[in-house]
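Consider how charged side chains pair with one another in the structure below, and how far each partner is open to solvent.

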Amino acid sequence: MAWAVGQERVIDVGGRCLNDVVPAERRSETLARMVVSHVLELEVRRHDDGRRPSLVDAQIMFPSCPAGMEVVSDESPDERRQSAALDKFGRVLDVPGLTHDWLVWLRRTADVRRVRLKLPGLLRQVERGDLIIRKPSVVPDEFTGIGIFRIVESRLSESDSPQVRLMTEPWSGSAEDESLDRWLRKMFEQHADVPRKLAAHPTEHGHAFLWIGMRTENSVQLALENRGQGLPGTNPELPQGVTHLWVASPFSSQGVLAWFPDRGWWRTPWRWPERPEHLPSHSP
């Protein structure tokens with residue numbers, strides 16, 4: 001599929017104008033908009049709708065002037081592929097006939113569509129006693145064969161359709177004591193389009209929103225845990241186009257750090273709720 005630039009109209013074989021087809025927003029972008037909207041108490045609008053190249057992901061609607069925002073994650077290619085598949089096909093399965101909710105971890109090479117097809121029947125066999133899971137990390141071959149390496153029975157479900165949540169394989173992590181500054185430099189080198197898009201966006205300020213991931217170094221992960229430790233001691237070296245910085249974690253034990261030129265580093269009040277359905281509402 002090719003997207004049009006300017007006023008050119010691109011029509012597919014079914015007669016649809018592809019200029020009018022808006023792809024789904026990435027989950028990382030939706031969550032980033034929600035976090036920033038909640039912290040700043042401002043509307044944060046989706047801006048990149050996929051119909052024109054090089055747009056920033058979102059705009060923060062400050063009263064004086066909107067600010068551009070670009071969102072990226074510290075992910076490997078396998079993580080990105082699997083995350084995109086989970087966003088497309090779903091991270092939650094409603095499985096009639098089960099009596100419990102389940103948490104299921106996938107290898108990064110697992111085919112998400114195949115897992116969603118095969119997993120409900122296998123879990124029904126487990127609940128009937130036809131398959132035995134002796135330990136969460138010791139699962140029958142029927143599960144490992146479709147890329148599943150860990151299963152945990154969550155709780156007795158009160159729903160008519162118990163839910164199965166698909167989780168991504170964690171990284172073992174690095175013991176290297178990498179500073180936040182060095183990680184930031186690496187992120188901007190790997191995602192050079194972030195400052196480029198922000199610099200090209202016609203607003204005064206550019207916010208870079210960086211998600212850490214399972215493989216992010218331990219020192220960076222620890223910086224996002226509010227254990228009473230101090231804030232980073234140095235101002236970040238930001239590339240041209242980036243004026244404000246957000247460093248966020250998707251993990252419930254960690255939070256969100258921000259750097260603004262008028263206040264330096266600060267620990268935002270953002271906290272993840274215990275359950276996804278308790279997430280606050282956010283701007284469209």
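Asp-57 is buried, with a relative accessibility of 4%, in this predicted model. The salt-bridge partner of Asp-57 is Arg-26, and their closest N and O atoms are 3.8 Å apart. Arg-26 precedes α1 (27-40), while Asp-57 sits in the loop between β1 (44-46) and β2 (58-60), so the contact ties together parts separated by 31 residues in sequence. Unlike Asp-57, which falls under the 20% limit for a buried residue, Arg-26 is partly exposed at 39%. The pair also belongs to a network of salt bridges, in which Arg-26 and Asp-57 are linked with Glu-29.

A second kind of pairing occurs within a helix. Lys-197 and Asp-193 form a salt bridge with an N to O distance of 3.9 Å. Both residues belong to helix α6 (residues 193-200), where they are 4 residues apart, about one turn of the helix. Here the basic partner is the buried one: Lys-197 has a relative accessibility of 17%, whereas Asp-193, at 24%, is partly exposed. The value for Lys-197 counts as buried because the cut-off is under 20%.

Another salt bridge joins the side chains of Asp-87 and Arg-91, with 3.0 Å from N to O. Asp-87 is partly exposed, at a relative accessible area of 32%.

Side chains of opposite charge can pair when their charged atoms come close. Over the whole structure, the search finds 9 salt bridges, among them the pairs Arg-26 with Asp-57, Lys-197 with Asp-193, and Asp-87 with Arg-91.

Terms used:
Residues numbered from 1 in each chain as written. Predicted model: local features only at pLDDT ≥ 70, side-chain atom pairs only at ≥ 80, totals over all residues. Heavy atoms only, no water. Salt bridge = Lys/Arg side-chain N within 4 Å of Asp/Glu carboxyl O. Helix = DSSP H or I, 4+ residues; strand = E, 2+ residues; numbered from the N terminus. Buried < 20%, exposed > 50% of the residue type's maximum accessible area, 1.4 Å probe, protein only.
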